[in-house]
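Hi everyone, thanks for having me. Let's take a few minutes to walk through one protein chain together, from the overall layout down to a couple of single residues.

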Amino acid sequence: MMTEDAMAAVLAARNKEAEIVGVVDSANRTDAAVDIRRLGEAIQFLANAPILGYDVRAAMVVYGDLGTPTLRARDCEQLWAKYGKALLAI
């Protein structure tokens, strides 16, 4: 579970460049090629990816400077549930 402060920090960083790694296409069991995108969009994608047929058990969002904690699928679900479309605001 992310703390309120950690979630607020991610919301503030929503426009930073992010990379999604570890997503598997469930249909053909291959790594899914996911483009680098803004952090808010990456959170939205990872939160909704299981519905779209992706396995995200090993997935994470990498963003920010070296040492910034990565976000796991569960974090993205929590962030999307709390902030929703605010993560997509520019």
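If you start at the N terminus and follow the chain, its elements come in the order α-β-β-β-β-α-β-β-β-α. Counted up, that gives three helices and seven strands. Please keep in mind that this is a predicted model.

How compact is the protein chain? Its radius of gyration is 12 Å, close to the 12 Å that the globule rule gives for 90 residues, so the chain is as compact as a globular protein of that length. Along the principal axes, the C-alpha trace spans about 40 × 25 × 25 Å.

Now for the contacts. Take the pairs in contact whose residues sit at least 6 apart in sequence: 61% of those contacts join residues at least 24 apart. As for the inside, buried residues account for 37% of the 90 residues.

On the outside, the accessible surface comes to about 5500 Å², and carbon and sulfur atoms make up 53% of that. The chain carries 10 positive and 12 negative side chains, with the centres of these two sets 5 Å apart.

Let's zoom in on helix 3, which covers residues 73-83. Which residues of helix 3 are buried? They are Ala73, Asp75, Cys76, Gln78, Leu79, Trp80 and Tyr83. When you look at that list, it helps to remember that an α-helix has 3.6 residues a turn, so residues three or four places apart point the same way. And what do the buried residues of helix 3 pack against? Their partners are helix 1 (4-12), helix 2 (39-48), strand 6 and strand 7. After helix 3 comes Gly84, which has a positive phi, near 50 degrees.

Let me pick one residue from helix 3, namely Gln78. Its relative accessible area is 17%, and because buried means under 20%, Gln78 counts as buried. Leaving aside residues up to four places away in sequence, Gln78 touches Met1, Met2 and Met7.

For contrast, have a look at Leu66, in the loop between strand 6 (60-63) and strand 7 (71-72). Is Leu66 buried or exposed? With 91% relative accessibility, Leu66 counts as exposed. We can also relate Leu66 to Met2: the two are 64 residues apart in sequence, and their C-alpha atoms are 20 Å apart in space.

So, to close, here are two residues to find on your screen: Gln78, which is buried, and Leu66, which is exposed. Thanks for listening!

Technical notes. Residues are numbered from 1 along each chain as its sequence is written. This is a predicted model: local features need pLDDT of at least 70, side-chain atom pairs count only at pLDDT 80 or more; totals for chains, interfaces and linings use all residues. Side-chain values use heavy atoms; hydrogens and water are left out. Helices (H or I, at least four residues) and strands (E, at least two) are DSSP runs, numbered from the N terminus. Buried means under 20% relative accessible area, exposed over 50%, partly exposed in between (1.4 Å probe, protein chains only). Contact means heavy atoms within 4.5 Å. The radius of gyration is taken over C-alpha atoms; the globule rule is 2.2 Å times the number of residues to the power 0.38. Accessible areas come from the Shrake-Rupley method with a 1.4 Å probe; for residues, only the protein chains shown count as cover. Lys and Arg count as positive and Asp and Glu as negative; His and the chain ends are not counted. The place of a charge is taken as NZ of Lys, CZ of Arg, CG of Asp or CD of Glu.
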